Amino acid sequence: MFSAVESRRLYRQVADQMRSLIERGELAPGSRLPAERELAQMLGVSRPTVREALIVLEVEGFVDIRMGSGIYVTVRKKTSADVPPEDFEGPFELLRARAVVECAVAEEAARLARPEHIALMDDNLTQMAAALEDRRLALALDRDFHVIVSGIIANATLNRFIGSIHDMRMTPYFEKLASYFENTETWRAAMEEHRTIRDAIAAGDPVAARAAMRAHLDQSQLRLSESFGEEPSDSTIPAAWRRAGGN
């Protein structure tokens, strides 16, 4: 029986409930889970929380996400060492933290930027333009851009903090999530958003720099909020889920 979950690390609690049903055999290998929208309603959480939980289960080997088709229970072969620890932040929690910190960083960077800083951003943008089809390299260059912006302030603690936030995106869990929603076009969009941030900083406009960084992070969240494209084509829902959700 499912119960609505609350408190922090919601996505881990959701994953625990789903995993328990699978381990008890109430959801057999090959069975299709309800769509994100229905799972969110059953569990009383947002769709992004469900999405984060599903990625945990896929990394663990409990489900197979098939874009445009659905989420299917799989036969788990082995324990994965790539599962994030219990206190590991999900991507949407991380983006909220970045919005608080990096918007303020961009604002201050616009007050302090010198020509050499602008040159570093320009070089980064040139490299990224040539790396849009290489997701790993694009991710590394994305990290570098944000560290360059932070570095303008010349505060080692802040720079290390920004770097560590971006390093969290380079784990197997985040890579699995990103593999569904990042592609050449999304990286192109991110690069153009970086260019807007660069232009505001180069113009010495703190208000515009803050707004550009906020717009970039908002768009990043929207890109990760795309559906897996598995809205159901019929009303067939496994019995275990009907009991949980009342369907």
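A residue is called buried when its relative accessible area is under 20%. Keep that cut-off at hand for this tour of a predicted model.

**Whole chain**

Start with the full protein chain in cartoon view. It has 11 helices and two strands. Coloured along the sequence, the elements run α-α-α-β-β-α-α-α-α-α-α-α-α. The two strands therefore follow the third helix in that pattern, by the numbering of elements from the N terminus.

Switch to a surface. The protein chain exposes about 11,600 Å², and carbon and sulfur atoms supply 51% of that area. Of the 247 residues in the chain, 48% are buried. Now display contacts between residues at least 6 apart in sequence: 76% of them join residues at least 24 apart.

**Helix α4, a buried pair**

Select residues 91–112, which form helix α4. Show the side chains of R98 and E102. They form a salt bridge, with the closest N and O atoms 2.6 Å apart. Both residues belong to helix α4 and sit four residues apart, about one turn of the helix. Are R98 and E102 buried or exposed? Both are buried, so each has a relative accessible area under 20%.

**Helix α4, a second pair**

Stay on helix α4 and select E107 and R111. Their side chains meet in a salt bridge, at 3.2 Å from N to O. E107 and R111 are four residues apart in helix α4, so about one helical turn separates them. R111 has a relative accessible area of 48% and is therefore partly exposed.

Next, add E108 and R210 to the selection. Together with E107 and R111, these residues are linked in a network of salt bridges.

**R114 and E116**

Move along the sequence to R114 and E116. The side chains of these two residues also meet in a salt bridge, at 2.6 Å from N to O. How exposed is each partner, and what is its relative accessible area? E116 counts as partly exposed because its relative accessible area is 40%. R114, at 44%, is partly exposed as well.

**Last view**

To finish, show every salt bridge at once. The structure holds 19 of them. Those visited on this tour include R98 with E102, E107 with R111, and R114 with E116. Return to R98 and E102 for a final look at a salt bridge whose two residues are both buried, then turn to R111, which is partly exposed.

Notes. Residues are numbered from 1 along each chain as its sequence is written. This is a predicted model: local features need pLDDT of at least 70, side-chain atom pairs count only at pLDDT 80 or more; totals for chains, interfaces and linings use all residues. Side-chain values use heavy atoms; hydrogens and water are left out. Buried means under 20% relative accessible area, exposed over 50%, partly exposed in between (1.4 Å probe, protein chains only). Contact means heavy atoms within 4.5 Å. Accessible areas come from the Shrake-Rupley method with a 1.4 Å probe; for residues, only the protein chains shown count as cover. A salt bridge is a side-chain nitrogen of Lys or Arg within 4 Å of a carboxyl oxygen of Asp or Glu.
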